[in-house]
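Trainee: Before we accept the labels attached to this model, could we go through the reasoning behind some of them?

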Amino acid sequence: MIWIAIVGSAVATYLTRSLPFAVAFGGHLPSAARRYLEALPVAIIAALVGPAVVAPAGTLTHGAEPVAAALVVAAVAWRRSLLAGVIIGVLAVALLRLI
């Protein structure tokens with residue numbers, strides 16, 4: 001059973017790391033795959049931030065994280081830049097934790 005998990009993880013890692021190279025070197029993707037890849041960074045950020053903002057019972061956590069998450073959503077909606085959202089989120093958490 002452990003070998004299935006190891007091989008599955010290796011295949012998933014290989015595919016996710018080799019896909020950008022295949023696309024960058026002239027591979028054409030169908031529109032559905034292109035939309036999927038465009039939505040992937042937002043999904044990854046949401047998966048990383050979600051557990052810090054929402055408690056297991058479904059309520060918001062207390063502290064700097066919910067405020068920083070709201071600032072990030074506003075910044076990304078305003079600037080349409082994930083990099084700006086990440087920078088604002090890191091700065092917001094750091095500054096709010098100092099207070």
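Mentor: Let us begin with a term: a helix here is a DSSP run of H or I with at least four residues, numbered from the N terminus. Arginine 97 is found in helix H4, and the model in which we place this residue is a predicted one.

Trainee: What makes the pair of arginine 97 and glutamate 65 a salt bridge?

Mentor: The closest N and O atoms of arginine 97 and glutamate 65 are 2.3 Å apart, and the definition asks for a side-chain nitrogen of Lys or Arg within 4 Å of a carboxyl oxygen of Asp or Glu, so the pair qualifies. A search of the whole structure finds one salt bridge. Because arginine 97 lies in H4 (residues 82-98) and glutamate 65 in H3 (residues 64-79), the pair ties together parts that are 32 residues apart in sequence.

Trainee: How do you know whether arginine 97 counts as buried or exposed?

Mentor: Arginine 97 has a relative accessible area of 57%, and exposed means over 50%, so the residue is called exposed. Glutamate 65, at 19% relative accessibility, falls under the 20% limit and therefore counts as buried.

Trainee: Why are helices H2 and H3 called oblique to each other?

Mentor: H2 (residues 31-53) and H3 pack at an angle of about 140°, with their axes 8 Å apart. Angles over 145 degrees count as roughly antiparallel and those of 65 to 115 as roughly perpendicular, with oblique covering the rest outside the parallel class, and H2 and H3 are therefore oblique. In this packing, Val49, Ala52 and Val53 in H2 meet Glu65, Pro66 and Ala69 in H3.

Technical notes: Residues numbered from 1 in each chain as written. Predicted model: local features only at pLDDT ≥ 70, side-chain atom pairs only at ≥ 80, totals over all residues. Heavy atoms only, no water. Helix = DSSP H or I, 4+ residues; strand = E, 2+ residues; numbered from the N terminus. Buried < 20%, exposed > 50% of the residue type's maximum accessible area, 1.4 Å probe, protein only. Axes fitted to C-alpha atoms, helices over the stretch in contact; angles between N-to-C directions. Parallel < 35°, antiparallel > 145°, perpendicular 65-115°, else oblique. Contact = heavy atoms within 4.5 Å.
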